[in-house]
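Ready for a few warm-up exercises on a structure you haven't met before? Have a look at what follows, then try each task before reading its solution.

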Amino acid sequence: MGIQDLRNHRPTAIVTGSSRGIGRVIALKLANAGYNPVVNYKESQTAAESLGLELEQMGTEYLLCRANVSAWDDVVQMRDQVLERWGHIDLLVNNAGIILDALFHKMAKEDWQQVIDTNLTGVFNCARVCVSQMMEQGYGKIINISSFVALKGNIGQANYAAAKAGIIGFSKTLALELAKYEITVNVIAPGFIETDMLSELPERIREKLIAQIPQRRFGTPEDIAQAVLYLAGKSGDYITGQVLNINGGIYM
Ligand code: NAP
């Protein structure tokens with residue numbers, strides 16, 4: 001029996017950082033596939049509300065949740081809201097992330113800390129508050145969004161690379177600890193994906209980056225959301241502790 005067969009309800013999915021970019025498309029694709037998504041954001045309330053409207057028009061039940069993933073109390077509150085509303089957590093997609101780039105010899109301690117707090121401690125916080133519920137249910141899926149930078153390194157991103165590499169060790173350990181509860185934990189490591197994170201780059205830099213990608217294009221949020229659906233569904237029931245690279249060949 002697959003994990004999906006154990007449930008007789010519409011599955012719920014917390015997607016952190018789903019007001020914009022990759023998270024937004026993940027939430028939409030999950031809603032299309034029959035999930036009730038939790039739209040989480042920190043700053044972009046208008047964008048989150050507009051996604052809510054879109055979900056409403058699709059006839060999808062959803063929760064709008066302002067929570068800073070790096071703040072423990074916010075995350076506890078988000079988990080409690082989900083349980084109060086639906087009583088179960090089927091999928092957690094840890095997607096929220098930031099960049100604060102600088103060459104290492106110029107990197108401010110605050111910028112190191114903020115990136116670690118959001119991109120790594122945020123993943124710990126969300127997984128930690130959801131996992132007891134998933135253990136109780138006897139099923140659950142956790143998908144953590146890392147980056148190819150975790151594996152390859154990238155000039156100006158020591159803080160980001162450290163956080164994203166941390167996610168990989170963290171996820172493999174959780175996969176080992178939670179396998180017996182039918183909870184799978186996997187990582188997606190995207191390459192350059194066309195979102196706000198890239199849009200501020202000057203055209204000259206964008207062209208230089210594209211020249212480094214064997215497939216000669218940036219990825220799209222859909223490329224990532226499709227993989228989330230695969231891992232979250234029945235197709236992913238026997239996949240755990242893996243890192244799925246979706247990067248147009250920039251790192252093999
Ligand atoms: P984005 O367009 O900048 O969106 C980031 C999202 O994260 C926003 O919804 C933002 O919400 C949210 N967020 C940021 N800090 C948060 C916090 N403390 N608490 C809750 N939400 C927070 O980024 P993206 O390109 O979609 O990236 C999504 C994920 O993919 C990130 O983990 C990123 O590192 C990873 N990734 C991206 C690329 C790429 O090229 N784009 C490549 C590899 C990996 P608010 O605006 O409401 O704060």
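For sorting residues into classes, Ala, Val, Leu, Ile, Met, Phe, Trp, Tyr, Cys and Pro count as nonpolar, Asp, Glu, Lys and Arg as charged, and the others, Gly among them, as polar. You're working with a predicted model, where local features need pLDDT of at least 70 and side-chain atom pairs count only at pLDDT 80 or more, while totals for chains, interfaces and linings use all residues. Residues are numbered from 1 along each chain as its sequence is written, and side-chain values use heavy atoms, with hydrogens and water left out.

**Exercise 1. Find what lines the largest cavity, and sort it by class.**

Step 1: get the term straight. On a 1 Å grid over the protein atoms alone, a cavity is a set of points where a 1.4 Å probe fits but cannot get out; a pocket is an open set with protein on both sides within 12 Å along at least five of seven lines; and lining residues have an atom within 4 Å of a point. Points are joined across faces, edges and corners, and a volume is the space filled by probe spheres set on them.

Step 2: count. There is one cavity of 30 Å³ or more, and the largest cavity holds about 30 Å³.

Step 3: list the lining. Thr16, Val69, Asn94, Asn95, Ala96, Thr118, Gly122, Val123 and Cys126 make it up. Helix α4 gives the most, with four residues. (Helices are DSSP runs of H or I with at least four residues, strands are E runs of at least two, and both are numbered from the N terminus.)

Step 4: sort. You should get four nonpolar, five polar and no charged residues.

**Exercise 2. Now do the same for the largest pocket.**

Step 1: its volume is about 1,400 Å³. Of its 48 lining residues, Gly97, Ile98, Ile99, Tyr160 and Met197 are the closest to the centre.

Step 2: elements that each supply at least two lining residues include α1 (21-32), β2 (36-41) and α4 (109-137).

Step 3: by class, the lining has 21 nonpolar, 19 polar and eight charged residues.

**Exercise 3. Work out which residues sit around the ligand.**

Step 1: a residue is near a molecule if one of its heavy atoms lies within 4 Å of it. That gives 31 residues, the closest being Ser19, Ser44, Asn95, Tyr160 and Thr195.

Step 2: look for polar contacts, meaning pairs of N or O atoms within 3.5 Å; within protein, one must be able to donate a hydrogen and the other to accept it, and residues adjacent in sequence count only if both atoms are side-chain atoms. Serine 44 has a polar side-chain atom 2.5 Å from a ligand oxygen. For asparagine 95, a polar backbone atom is 2.7 Å from a ligand oxygen. In arginine 20, a side-chain N or O atom is 2.9 Å from a ligand oxygen.

**Exercise 4. Why do cysteine 126 and cysteine 130 form no disulfide with each other?**

Step 1: a disulfide is a pair of cysteine sulfur atoms within 2.5 Å. The count here is zero.

Step 2: the closest cysteine sulfur to that of cysteine 126 is in cysteine 130, 6.6 Å away, so the two are too far apart for a bond.

Step 3: check exposure, where buried means under 20% relative accessible area, exposed over 50%, and partly exposed in between (1.4 Å probe, protein chains only). Cysteine 126 is buried at 1%, and cysteine 130 is buried at 2%.
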